[in-house]
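Trainee: I would like to go slowly through a single part of this model. Please take me through it in one connected account.

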Amino acid sequence: MTRYSRKQNKPAFLRLMFMAGLLFTAQTARAQQPIPAQAAISPAQTPVQALAPQSEPTNTEQSLHLLVGRSLVISSPTRIKRISIADPNIAETVAISPYQVLVNGKAPGGTSLLIWDEEDRSQDFEVSVDIDIEALTSRVHELFPSEPVQINTAKDVVMVSGQISSSAVADKILELVKSSTPKVTDLMQVPPPLTGEILLEVKFADVSRSTISQLGINIISLPGAKTIGTVSTQQFAPPQLVGGSTNNTQIGLSDLLNLFVFRPDINLAATIKALENKNLIQILAEPNLMTESGKEASFLAGGQFPFPILQSSGGGGGFAGITIQFKEFGVRLSFTPTLMPDGLIHLKVAPEVSSLDFSNALTIQGFVIPALATNRVESEVDLKDGQSFAIAGLLDNRVSEQLEKIPGIGDIPILGKLFQSRSLNRSKNELLIVVTPRIVHALNSVPAGPAMPKSFLGQPAPAKPQPQK
C-alpha cells in the first residue's frame, strides 16, 4: 500500500484554490459588461454605440435614420442615466435596459435625441424618420414592369423620377403614388409629343332597300240614293260627309287613292288603295382628310333641308310664328389623330351616314317634312402607318305590318276582304366603313405641275438689252 503524507499534498491543494479564485473573478467581470444590441431595421445594421468610454464629455453628433413603423436599438458601454427627445410625435424612446435604448419611428420628420450616462456625459443624435416606400416601390414595378420608375423619400415627401414612355403612363403612376401618400413631388420625364400631318382615307358604302305593299278599299254611297253613307277602315284617306240636311248632303274626298270606281246608275263609288313600291338607295363616298396630330377634322358630303320650328309668343301661351332651321344630312366624318411615341397612330373616329326618310315624314298644312335616317359609329383604335380597319356588320332590318278591318263583316271569307286594309313595310340597311390613316411627310422640293398640251399665252419674248449710256 502506498502512503501519502499531508506535508507533501499541501502545495497542490493551494495551487488548486488559487486557480478557482481566478476563474470566479473572470466570470464576474464578464457578466458586468453590456451586451451589444442589434438594430431592428435590418439584420445587417450594426448597433449604435451611444457614449464613448472617456472621462471628458464629447459634442460629436451622430445621425440616426429609420422608417415610420420601424425601430432600432442604441447600446451604451456605460449605464444610462437620462434620455431626452425633442419631438415625441416623430419618434419615441424606450429604455429596455440600463445599457440599451429603443427608438421607434412614428411620423415623418426630424428631431434631436440626447442621452446622459451616470457621469453626466452626453451624446447628441440627429434622428431622421422617413416614409416606408418599399411596398409602394414593389407595387409600382409590378404594375409597370417596363417603366424605369425610381421612388425616393425625404422625410414626409415622396419623389418619383424616371424616363417614362408617355404622359398617360406617367399620370397613372402619379395617381397610384398619391393614393398611398399625399405629398408627392413629380420628377418624371416624358418625351415631347410628336407633331406631324396625318392623312385619313375613308370609304363609305351604304345600301338601303325598302319594299312597301298597301291594299285597302273605301265604299261610298253618293247623294241622290235612298241611303247615303260610307264604309272605311280609316287607314287610307276615308271619305267625309259634308252638309247638315238630306238634300244638301255631300261627300268630300281628300284623296282618291290610286283606284276610283263609280257607278252612276246605283250611286255607288269606291276608292281603292293598291300599291306596291320598291326603293333602293346606294351611297358610296371616299373622302380624304388631312389634319395635324391632336387636332380634330371633319367632313360632310350631303346637304341641308329646311325644318320648321314653332315659336311661342311669350307669356300668352300662343304661337308667334314659325322659323326655319336647316338640318344637315349626308356622309359626315369627324376624327382626331394623335401620333404616339412608339410610332402608332391613336385614332378617334366618328363616321355618320344620314338620308331623308319620306316614309316617316310629317305633313303639316300640306307641307311634307321628311325624317332623318341616321347611322352613326364612334370608335378609338391604334394603327400603324398605312394599316386599315373596317367597321362592318351594321345591318338594320325592319318589318312593319298593319292590318285594320271592320269587326264581324271583315271576318267573312272572300267578302270580308272588302272591309279590310293592310299595309306592309320592309326595309334593310347595310353600312360598311373602311378607314386608313397615313403619316404625311413634308417634301424638300416642290413637285412639278401638270403637263399642258398647249401653252396658255405662249412663251414670253426675251427682253432686249438696253444700250449703255
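Trainee: Which handedness does the β-α-β unit of β10, helix α3 and β11 have?

Mentor: This is a predicted model, and in it β10, helix α3 (residues 167–178) and β11 make a β-α-β unit that is right-handed. The two strands of that unit, β10 (residues 157–163) and β11 (residues 184–189), run parallel and are joined by six bridges. If you want to follow the pairing residue by residue, you can look at glycine 162, which stands opposite methionine 188 in β11, and at glutamine 163, which stands opposite glutamine 189 of that strand.

The unit belongs to an open sheet of three strands, whose order is β9-β10-β11 and whose pairing is mixed. Its edge strands are β9 (150–154) and β11, each of which pairs on one side only. On average, and with direction ignored, neighbouring strands of this sheet are turned by 15° against each other. As general background, the strands of a sheet pair through backbone hydrogen bonds, and they do so either parallel or antiparallel.

Turning from the strands to the helix that connects them in the unit, α3 lies across β9, β10 and β11, and its direction is at about 160° to β11. Helix α3 also meets a second helix, α2 (residues 134–143): the axes of α2 and α3 come within 11 Å and cross at roughly 150°. Because angles over 145 degrees count as roughly antiparallel, that crossing makes α2 roughly antiparallel to α3. The crossing of these two helices is right-handed. On the α2 side the contact is made by Leu136, Arg139, Val140 and Leu143, and on the α3 side by Ile173, Leu176 and Val177. Sorted by character, the residues in this contact of α2 with α3 comprise six nonpolar, one charged and no polar.

For comparison, it is worth looking at another sheet of the model, an open one in which four strands follow the order β2-β8-β7-β4 with mixed pairing. Here β2 (61–67) and β4 (80–85) stand at the edges with a single partner strand each, so one side of each is left without a neighbour in the sheet. Neighbouring strands of this four-stranded sheet are turned by 25° against each other on average, again with direction ignored. Within it, strand β7 (residues 109–117) and strand β8 (residues 122–130) run antiparallel and are joined by eight bridges, and one of the residues to look for there is tryptophan 116, whose bridge partner in β8 is serine 122.

Technical notes. Residues numbered from 1 in each chain as written. Predicted model: local features only at pLDDT ≥ 70, side-chain atom pairs only at ≥ 80, totals over all residues. Heavy atoms only, no water. Pairing = 2+ DSSP bridges. Right-handed = clockwise from strand over helix to strand, strands pointing away. Axes fitted to C-alpha atoms, helices over the stretch in contact; angles between N-to-C directions. Contact = heavy atoms within 4.5 Å. Parallel < 35°, antiparallel > 145°, perpendicular 65-115°, else oblique. Left-handed = near helix turned anticlockwise from the far one by under 90°. Nonpolar A, V, L, I, M, F, W, Y, C, P; charged D, E, K, R; others polar.
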